[in-house]
Amino acid sequence: MSIKPIKCGIKVEPPALVLTYVDEKSGKKRQRSMPLRNFTTRSGVSRVVDDLKSNPRHKKYLEKVPNLQVEKLLRVIQERLRGLSLDDSLSKVKDELKINPEENLNQLDDDELKKKKRIMDETFEKNRKKPDDPDFVYDKEVDFDKGGPPIESSGWDSGSDSDLDF
């Protein structure tokens with residue numbers, strides 16, 4: 001059975017993950033609800049995602065859905081269970097799973113660092129252009145705007161190559 005996920009959502013009461021997909025064999029659009037039994041505000045989100053994706057009943061439906069997307073949805077459920085509004089839950093989860101370029105990743109503990117690396121990997125994969133993509137360009141050349149401040153030259157890169165003594 002070939003499944004093509006269209007969108008993934010949540011239901012807060014009772015907690016459930018809802019997947020809308022197309023059954024490629026029949027071409028029909030379907031919806032599957034996956035209950036999150038014993039899911040609380042203290043549940044380990046990554047563990048729950050692993051359990052869902054390894055469960056034989058849900059595996060074929062969730063194999064093409066990125067782990068990070070499921071984790072975001074489960075975190076929204078947790079924040080809703082804590083009593084936050086939907087908008088507050090979404091903004092809190094978005095801030096948690098955002099990469100700040102100014103943040104020093106050397107100061108994070110191992111779990112936080114793994115989380116940030118996973119976010120960066122999934123963002124890279126989402127934005128990567130593959131040779132079979134319709135807008136893929138093999139040898140793309142880009143001229144960057146030269147209108148900014150002038151580039152300073154340094155003495156080490158000027159002169160000819162004959163100055164080198166070997």
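Let's start with strands E1 (residues 3-11) and E2 (residues 16-23), which pair in the antiparallel sense over eight bridges. Keep in mind as you look that this is a predicted model. E1 and E2 make a hairpin, with four residues between them. To see how the two strands line up, pick out Ile-3, which stands opposite Asp-23 in E2. Then find Lys-4, whose opposite number in E2 is Val-22.

Now carry on along the chain. E2 is joined to E3 by eight bridges, and these two strands run antiparallel. One pair to look for here is Tyr-21 with its bridge partner in E3, Arg-30. E2 and E3 also form a hairpin with four residues between them, and in that turn Gly-27 has a positive phi of about 80 degrees.

Put these pieces together and you have an open sheet of three strands in the order E1-E2-E3, with antiparallel pairing. The edge strands are E1 and E3 (28-35), each of which pairs on one side only. On average, neighbouring strands of this sheet are turned by 20 degrees against each other, direction ignored. Helix H3 packs on the sheet, where it touches E1 and E2, and the direction of H3 makes about 15 degrees with that of E1.

Before moving on to the helices, stop at one residue of the sheet. Lys-11 has its place in strand E1. Is Lys-11 buried or exposed? Its relative accessibility is 38%, so Lys-11 counts as partly exposed. Leaving aside neighbours within four places in sequence, Lys-11 is in contact with Ala-16, Val-18, Ser-33 and Ile-77. As for Arg-30, which we met above, it lies 19 residues from Lys-11 in sequence and 17 Å from Lys-11 in space, C-alpha to C-alpha.

On to the helices, then. Two packed helices are described by the angle between their axes and the distance between the axes. Take helix H1 (residues 45-54) and H3: their axes come within 9 Å and cross at roughly 125 degrees. H1 and H3 are therefore oblique to each other, and their crossing is right-handed. Which residues meet there? From H1 come Val-45, Ser-46, Val-48, Val-49, Asp-50 and Lys-53, and from H3 come Asn-67, Val-70, Glu-71, Leu-74, Arg-75 and Gln-78. Sorted by class, the contact of H1 with H3 has five nonpolar, three polar and four charged residues.

H3 (residues 67-81) also packs with helix H4 (residues 86-96), at an angle of about 135 degrees and with the axes 9 Å apart. That makes H3 oblique to H4. H3 passes H4 in a right-handed crossing. On the H3 side you'll find Lys-72, Arg-75, Val-76, Glu-79 and Arg-80, which meet Leu-86, Ser-89, Leu-90, Lys-92, Val-93 and Glu-96 in H4. The residues of this contact divide into four nonpolar, one polar and six charged.

You may have noticed a residue that came up in the contact with H1 and again in the contact with H4: Arg-75, found in helix H3. How does Arg-75 count, as buried or exposed? With 14% relative accessibility, Arg-75 counts as buried. Not counting residues up to four places away in sequence, Arg-75 touches Val-45, Arg-82, Val-93 and Glu-96. Two of these names should ring a bell: Val-93 and Glu-96 are among the H4 residues that meet H3. Val-45, in turn, is one of the H1 residues that meet H3.

Finally, go to helix H5 (residues 110-127), where Phe-124 is found. Is Phe-124 buried or exposed? At 51% relative accessibility, Phe-124 counts as exposed; the cut-off for that class is over 50%. To place Phe-124 against another part of the chain, look for Tyr-61. The two residues are 63 residues apart along the chain, and their C-alpha atoms are separated by 23 Å.

Technical notes. Residues numbered from 1 in each chain as written. Predicted model: local features only at pLDDT ≥ 70, side-chain atom pairs only at ≥ 80, totals over all residues. Heavy atoms only, no water. Axes fitted to C-alpha atoms, helices over the stretch in contact; angles between N-to-C directions. Parallel < 35°, antiparallel > 145°, perpendicular 65-115°, else oblique. Left-handed = near helix turned anticlockwise from the far one by under 90°. Contact = heavy atoms within 4.5 Å. Nonpolar A, V, L, I, M, F, W, Y, C, P; charged D, E, K, R; others polar. Buried < 20%, exposed > 50% of the residue type's maximum accessible area, 1.4 Å probe, protein only. Pairing = 2+ DSSP bridges.
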